[in-house]
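This briefing collects computed geometry and contacts for the structure shown below. Topics are grouped under short headings.

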Amino acid sequence: MKNTIHVERAIKRITQSDLAAAVGVSRQTINALEASKYVPSVVLAMKIANYFEKPVEAIFELGEED
Amino acid sequence: MDTKLLLPNRYKRLGWLIFVPCLILTILSILQLTPALSFFDGEHILSQWTTIKVPEKGTLEAIFDETSNDLAGEILMTLTAIGFFFVAFSRERTDDEWIMKVRLESLLWAFYVHLGAFLLSVWLSFSLAFYAVLSWNMLTAPLVFLARFHWIVYVKPYLEERRATT
């Protein structure tokens, strides 16, 4: 699973901590997501998409190995 | 994000306070470095407080009125276990799905390592040495779990960030 959280964060100029607090997870979780070490639950993916006011598919995309 | 099966976060600090000193005392006791700190048998520095006047089951001492039973080992092992339980199974400050995943993965790791060590001890030791290894192996699963969990959640991200900024 690939995602553009890092890019979206840069556009909004917010830190990992800001995003983590906004969607109710730990900062390490955002870190793991950005490093593609963790595939979020549908709930968390939708929370993140809602926060950036974009559809889920605009931020999350299937990778080759999925 | 269901983490109901865990203790509240405040137990974690309490757990460390109990677990670390008790773990050190347990290790010192198993190593039998000095009789004063061998809480599992014989006289030690706390004997006078931890010995009660109840005979051990199945001993003749009950008849001759020299009834005593040192509970230091029992108390120490209980505290170590409770301390570990508090540290390992308290919620993190922000407990979420990723942390839960790391927690469950670490439990799996701990079980694998424990099992591996058990099989090694079965084939590489026997008699008294086997029991010595078994008693050490009691600590394997808790310690591997704690080390793996805290490494992934706290230490590794910290090290990576430091590397990224320098």
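Val113(B) is partly exposed, because 18 other C-beta atoms lie within 10 Å, where a buried residue would need 20 or more and an exposed one 12 or fewer. The model is predicted, and its local features need pLDDT of at least 70. The points below start from Val113(B), which lies in helix α5 (residues 97–124) of chain B, and then go on to domains, helix packing, the chain interface and single residues.

**Val113(B) and its contacts**
- Leaving aside residues up to four places away in sequence, Val113(B) touches Thr140(B) and Val144(B).
- Val113(B) and Val144(B) are 31 residues apart along the chain, and their C-alpha atoms are separated by 7.6 Å.

**Domains of chain B**
- The domain assignment splits chain B into domain 1 (1–93) and domain 2 (96–166).
- Between the C-alpha centres of domain 1 of chain B and domain 2 of chain B there are 22 Å.
- On the contact between these domains, seven residues of domain 1 of chain B meet nine residues of domain 2 of chain B.
- Helix α4 (residues 72–88) of chain B gives the most to the domain 1 side of this contact, with three residues.
- By class, that side of domain 1 of chain B holds five nonpolar residues, one polar residue and one charged residue.

**Packing of α1(B) against α4(B)**
- Helix α1 (residues 10–31) of chain B packs on α4(B) at an angle of about 140°, and the two axes are 7 Å apart.
- Because of that angle, α1(B) is oblique to α4(B); roughly antiparallel would require an angle over 145 degrees.
- The crossing of α1(B) past α4(B) is left-handed.
- Residues of α1(B) in this contact include Tyr11(B), Trp16(B), Phe19(B), Leu23(B) and Ser29(B).
- On the α4(B) side, the residues met include Leu76(B), Thr80(B), Gly83(B), Phe84(B) and Val87(B).
- The residues of the contact of α1(B) with α4(B) comprise 14 nonpolar, five polar and one charged.

**Packing of α4(B) against α7(B)**
- α4(B) also packs with helix α7 (residues 140–165) of chain B, at an angle of about 25° and with axes 11 Å apart.
- The two helices α4(B) and α7(B) are therefore roughly parallel to each other, a label for angles under 35 degrees.
- α4(B) and α7(B) make a left-handed crossing.
- From α4(B), the contact uses Phe84(B), Val87(B) and Ala88(B), and from α7(B) it uses Pro142(B), Phe145(B) and Leu146(B).
- By class, the contact of α4(B) with α7(B) has six nonpolar residues, with no polar and no charged ones.
- Phe84(B) and Val87(B) take part in the contact with α7(B), and Phe84(B) and Val87(B) are also among the α4(B) residues that meet α1(B).

**Contact between chains A and B**
- Nine residues of chain A are in contact with eight residues of chain B.
- Helix α3 (residues 27–34) of chain A gives the most to the chain A side, with four residues.
- The chain A side that touches chain B divides into four nonpolar and five polar residues, with no charged ones.

**Asn9(B)**
- Asn9(B) is placed in the segment before α1 of chain B.
- Asn9(B) is partly exposed, since it has 13 other C-beta atoms within 10 Å.
- Not counting residues up to four places away in sequence, Asn9(B) touches Ser90(B), Arg91(B), Glu92(B) and Arg93(B).
- Asn9(B) and Trp109(B), 100 residues apart in sequence, are 23 Å apart in space from C-alpha to C-alpha.

**Positive phi outside glycine**
- Most residues other than glycine have a negative phi.
- Ser36(A), which is not a glycine, has a positive phi near 55°.
- Ser36(A) sits in the loop between α3 and α4 (42–51) of chain A.
- Ser36(A) is exposed, because just 12 other C-beta atoms lie within 10 Å and the class takes 12 or fewer.
- Gln32(B), also not a glycine, has a positive phi of about 55°.
- The loop between α1 and α2 (47–50) of chain B contains Gln32(B).
- Gln32(B) is exposed, with 12 other C-beta atoms within 10 Å.

Key
Residues are numbered from 1 along each chain as its sequence is written. Chains are lettered from A and ligands numbered from 1 in the order in which they are written. This is a predicted model: local features need pLDDT of at least 70, side-chain atom pairs count only at pLDDT 80 or more; totals for chains, interfaces and linings use all residues. Domain bounds come from an automatic or database domain assignment. Two residues are in contact if their C-beta atoms, placed from the backbone, lie within 7 Å. Ala, Val, Leu, Ile, Met, Phe, Trp, Tyr, Cys and Pro count as nonpolar, Asp, Glu, Lys and Arg as charged, and the others, Gly among them, as polar. Axes are lines fitted to C-alpha atoms, for helices over the stretch in contact, and angles run from 0 to 180 degrees between N-to-C directions. Angles under 35 degrees count as roughly parallel, over 145 as roughly antiparallel, 65 to 115 as roughly perpendicular and the rest as oblique. A crossing is left-handed if the near helix is turned anticlockwise from the far one by less than a right angle, and right-handed if clockwise.
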